[in-house]
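User: I am new to this structure and would like to know what stands behind some of the terms used for it. Please take me through a few of them.

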Amino acid sequence: QVQLVESGGGLVQAGGSLRLSCATSGRTFSSYAMGWFRQAPGKEREFVAAINWSGGITTYADSVKDRFTISRDNAKNTVYLQMNSLKPEDTAVYLCAGYIQSRFDRIVVDTSWKYNYWGQGTQVTVSS
């Protein structure tokens, strides 16, 4: 069982930056692929970014590519989302999620149904 706790959200002006963190419990963090999703009021949950168990493979939604960077520190059991050049449309609750991944996998999944473990989320608000 893995517990996920997000932090780092807040209010920022358009063009600003935030760094989200997701701290996890348990000793098997390096066995998990990790992802960030977001959900705005009245909208469906959408994929943001994901990273494989080693950190060597990442994938991004087109809407955040070249602005957001996902990374992980397996020694600290933490995954990060660096968000730059933020836009008002980035406003949402950001959720961290994970699934157990084989070390032989060469892709990282971007669909929410694959993720077994979810955090409670952290609010990001970007003002114009």
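**Terms and their grounds**

Analyst: This is a predicted model. Phe-37 stands opposite Leu-95 in β9.

User: What makes β4 and β9 a strand pair?

Analyst: Pairing needs at least two bridges between the strands. Strand β4 is joined to strand β9 (residues 92-100) by 8 bridges, so the two count as paired, and they run antiparallel.

User: How do you know that β4 also pairs with β5?

Analyst: By the bridge count again: 5 bridges link β4 to strand β5 (residues 46-51) in the antiparallel sense. Met-34 stands opposite Ile-51 in β5. β4 and β5 form a hairpin with 6 residues between them, and Gly-42 in the turn has a positive phi of about 75 degrees.

User: Why is β4 called largely enclosed?

Analyst: Because 7 of the 8 residues of strand β4 (residues 32-39) are buried, the strand is largely enclosed by the rest of the structure.

User: Why is Glu-6 said to have no salt bridge?

Analyst: A salt bridge requires the charged atoms to be within 4 Å. The nearest side chain of opposite charge, Arg-45, is 8.8 Å away from Glu-6, so the requirement is not met. Glu-6, in strand β1 (residues 4-7), is nevertheless buried.

User: What makes the approach of Glu-6 to Gln-120 and Gly-121 a polar contact?

Analyst: The cut-off is 3.5 Å between N or O atoms. The side chain of Glu-6 reaches the backbone nitrogen of Gln-120 at 3.2 Å and the backbone nitrogen of Gly-121 at 2.9 Å. Both distances are within the cut-off, so both count. Glu-6 also touches other residues, among them Trp-36, Tyr-94 and Leu-95.

Key:
Residues numbered from 1 in each chain as written. Predicted model: local features only at pLDDT ≥ 70, side-chain atom pairs only at ≥ 80, totals over all residues. Heavy atoms only, no water. Helix = DSSP H or I, 4+ residues; strand = E, 2+ residues; numbered from the N terminus. Buried < 20%, exposed > 50% of the residue type's maximum accessible area, 1.4 Å probe, protein only. Lys, Arg positive; Asp, Glu negative; His and termini not counted. Polar contact = N/O pair within 3.5 Å; in protein donor to acceptor, adjacent residues only side chain to side chain. Contact = heavy atoms within 4.5 Å. Lists of a residue's contacts leave out its neighbours within four places in sequence.
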